[in-house]
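This briefing introduces a protein model to a reader who has not met it before. It takes up aromatic rings first and backbone angles second.

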Amino acid sequence: RTKQLLCIVVGAMSLIGCVRMTEPVSTGKDTYMIGLGARGGFYSDAELLARSIKAAGAFCASQRRRAEVQNTSASGVQMWTPQSNQVIFKCVTP
């Protein structure tokens, strides 16, 4: 019975996964990069990329500017390998 409970808990934790996002890093004049890494779970590339773009928007909004995405990249396979993405963006005056 204890083994069954342990298997259920471990299985549930693997579905939840872990997502970590970096702070925006300056890569040039008004240009920044945010990176995100995810392990486990059922996150699609689109969901993870949306999180990164939303974080870029919030960062620029804190400066009373708006985010303009310059480039994105993603790697990994959902539920098979760790996933990661990065978003390069500019904070521009609206």
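Helices and strands are here DSSP runs, numbered from the N terminus: a helix is a run of H or I with at least four residues, and a strand a run of E with at least two. The model is a predicted one. Three aromatic pairs are counted in the model, and two residues that are not glycine, Arg64 and Met79, have a positive phi.

**Aromatic rings**

- A pair of aromatic rings is described by the distance of the centres and the angle of the planes.
- Phe59 and Phe89 pair edge-to-face, with 6.2 Å centre to centre and 80 degrees between the planes.
- Because Phe59 belongs to helix α2 (residues 45–61) and Phe89 to strand β5 (residues 83–92), their pair ties together parts that are 30 residues apart in sequence.
- Phe59 counts as partly exposed, at 22% relative accessibility, whereas Phe89 counts as buried, at 0%.
- One aromatic cluster is formed by Tyr32, Phe59 and Phe89.

**Backbone angles in the loops**

- Most residues other than glycine have a negative phi.
- Arg64 is not a glycine, yet its phi is positive, at about 60 degrees.
- The loop between α2 and β4 (66–75) holds Arg64, and this residue counts as exposed, at 77% relative accessibility.
- Met79, likewise not a glycine, has a positive phi of about 70 degrees.
- The loop between β4 and β5 is where Met79 is found; with a relative accessible area of 51%, Met79 is exposed, since the cut-off for exposed is over 50%.

Notes
Residues are numbered from 1 along each chain as its sequence is written. This is a predicted model: local features need pLDDT of at least 70, side-chain atom pairs count only at pLDDT 80 or more; totals for chains, interfaces and linings use all residues. Side-chain values use heavy atoms; hydrogens and water are left out. Rings of Phe, Tyr and Trp (its six-membered ring) pair if their centres lie within 6.5 Å; planes under 30 degrees apart count as stacked, over 60 as edge-to-face and the rest as tilted. Buried means under 20% relative accessible area, exposed over 50%, partly exposed in between (1.4 Å probe, protein chains only).
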